[in-house]
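This report describes how the parts of one model are arranged. It starts where a helix meets a sheet and then moves outward.

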Amino acid sequence: MKISKSFTLIEIIIVIGVIGMALPIFFTIILAILQQQTRIYALQEIKRQGDGIVASINNTIKNNAIEIYADQAFTTAECSLAASSYSSANGEDFFLKDRLGNWFNFHLLMPGASMASDSAVTHISLNNDKVTIDNFSISCYRRGAYTPPIVSLNFKVNYGSTASLNYKTKVKLRSY
Amino acid sequence: MKASKGFSLIEVLVFISILSIFFVVAIAVVTASLRNMKVDEHKILAVRSAEELLEWVTSEKETDWSTFTGYVGTYCLNDNLGVDWLTTFTYTKNKSGSCTSGEFDGIGSTSPLIYKRQLSLTGIGSSPYNRIDANVVVSWQEPNKTYSISLDKTFSVWE
């Protein structure tokens with residue numbers, strides 16, 4: 001009886017060569033899919049949170065704010081005269097007064113960190129820790145004596161360095 | 001007893017052709033899904049830039065209604081949006097009139113440069129209007145197709 005023949009060196013080399021060509025292609029495709037999914041996830045996350053922040057700030061200011069001050073004690077009124085404007089780089093010195101005479105504001109906690117909505121009794125972080133926020137600024141403008149002041153806000157939402165979106169909004173003080 | 005025989009040529013050919021059909025189908029599915037994911041990514045950015053424009057139009061309306069009614073018309077806004085109507089048109093790719101068929105400049109010159117964005121403001125009734133309908137269309141080019149999304153909003157002086 002003849003002994004069963006094994007593979008020759010050439011056959012093994014060819015097989016390994018074919019596998020060696022196929023595996024990198026396979027992993028490249030897998031990597032491309034994963035990268036694409038990460039990008040989409042990042043975009044969805046920053047859009048969701050950015051939209052949420054804009055909606056929440058818009059509603060809060062529109063429904064509650066009546067006056068704007070540069071300090072928590074309401075000594076320096078801003079945007080109360082016609083054609084006056086005022087801006088604050090990180091929101092630390094931009095306070096809004098509500099109908100009950102309490103203050104609230106929106107500010108950046110740390111550069112490139114998160115945004116918060118504060119009042120005397122509450123502290124609410126507006127974004128979760130998956131995203132960071134920077135380039136925040138808040139300002140106000142009053143055109144004439146018979147129109148309410150308008151608050152404008154800018155900020156940028158980032159998901160690491162994968163994706164970022166700019167947000168800009170203006171809201172009129174309805175209860176003025 | 002005869003030594004165990006290997007596969008015949010026909011068997012090997014059939015096996016290889018079945019395997020190659022499988023791989024071709026698999027690669028076609030993967031590339032199609034990658035392309036769809038790319039379209040999804042671009043759609044998120046397109047919706048965002050359309051919403052950004054509507055938000056900006058809203059802010060112009062909030063600032064002053066009577067000035068706002070003077071802006072009725074069609075605009076191609078492929079660049080950044082300035083703090084107000086006038087500064088917005090100091091950007092090079094923002095202009096009055098419709099976007100031309102080829103104008104896929106990208107929004108605000110940020111990558112990917114495949115978008116164009118058009119705004120139409122239509123006054124309802126007769127001037128001075130107390131209602132204006134806004135329509136934003138963002139179109140973008142994929143390698144084999146042009147996609148577009150459209151958002152509408154109505155503004156009225158009584159709001």
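In this predicted model, helix 1 of chain B, residues 9–63, lies across strand 9 and strand 10 of chain A. Its direction makes an angle of about 20° with strand 10 of chain A. Chain A has a helix in a like position: helix 1 of chain A, residues 9–64, also lies across strand 9 and strand 10 of chain A. This helix runs at about 15° to strand 10 of chain A.

**The sheet in chain A**

The two strands under these helices belong to an open sheet of 4 strands in chain A, with the order 3-8-9-10 and antiparallel pairing. Strand 3 (84–88) and strand 10 (163–172) of chain A each have a single partner strand, so they stand at the edges and one side of each has no neighbour in the sheet. On average, neighbouring strands of the sheet are turned by 10° against each other, with direction ignored. Within strand 9 of chain A, Ser152(A) has Lys170(A) of strand 10 as its bridge partner.

**Paired strands in both chains**

Chain B contains paired strands as well. The table lists three antiparallel pairs with their bridges.

| Chain | Strands | Bridges |
|---|---|---|
| A | strand 9 (residues 150–159) and strand 10 | 10 bridges |
| B | strand 3 (residues 115–123) and strand 4 (residues 131–142) | 9 bridges |
| B | strand 4 and strand 5 (residues 145–156) | 12 bridges |

Strand 4 of chain B thus appears in two rows, pairing with strand 3 and with strand 5. Towards strand 3 of chain B, Ala134(B) stands opposite Leu121(B). Towards strand 5 of chain B, Arg131(B) stands opposite Ser156(B). How many residues lie between strand 4 and strand 5 of chain B in their hairpin? There are 2 residues between them.

**Where the chains touch**

The contact between the chains involves 18 residues of chain B and 20 residues of chain A. On the side of chain B that touches chain A, 7 residues are nonpolar, 3 are polar and 8 are charged.

**Nonpolar cores**

In soluble globular proteins, nonpolar side chains tend to be buried together. The largest nonpolar core in this model has 33 residues. Which of its residues touch the most other members? They are Ile46(A), Ile61(A), Met115(A), Ile133(A), Val151(A), Phe155(A) and Val157(A). Several elements of chain A give two or more residues to this core, including helix 1, strand 8, strand 9 and strand 10. Another core, of 20 residues, lies apart from it and includes Ala50(B), Leu77(B), Leu119(B) and Tyr129(B).

Val157(A) shows what such a position looks like. Leaving out residues up to four places away in sequence, Val157(A) touches Ile46(A), Gln49(A), Gly50(A), Val131(A), Ile133(A), Ser164(A), Leu165(A) and Tyr167(A).

**Chain A as a whole**

Chain A has 1 helix and 10 strands, and from the N terminus the helix precedes the strands. The C-alpha trace of chain A spans about 110 × 30 × 25 Å along its principal axes. Its radius of gyration is 28 Å, whereas a compact globule of 176 residues would have one near 16 Å. Of the 176 residues of chain A, 27% count as buried. Among contacts in chain A between residues at least 6 apart in sequence, 52% join residues at least 24 apart.

Terms used. Residues are numbered from 1 along each chain as its sequence is written. Chains are lettered from A and ligands numbered from 1 in the order in which they are written. This is a predicted model: local features need pLDDT of at least 70, side-chain atom pairs count only at pLDDT 80 or more; totals for chains, interfaces and linings use all residues. Two strands pair if DSSP finds at least two bridges between them. Axes are lines fitted to C-alpha atoms, for helices over the stretch in contact, and angles run from 0 to 180 degrees between N-to-C directions. Two residues are in contact if their C-beta atoms, placed from the backbone, lie within 7 Å. Ala, Val, Leu, Ile, Met, Phe, Trp, Tyr, Cys and Pro count as nonpolar, Asp, Glu, Lys and Arg as charged, and the others, Gly among them, as polar. A nonpolar core is a set of buried Ala, Val, Leu, Ile, Met, Phe, Trp, Tyr and Cys residues joined through C-beta atoms within 7 Å. A residue is buried if 20 or more other C-beta atoms lie within 10 Å of its own, exposed if 12 or fewer, and partly exposed in between; C-beta atoms are placed from the backbone. The radius of gyration is taken over C-alpha atoms; the globule rule is 2.2 Å times the number of residues to the power 0.38.
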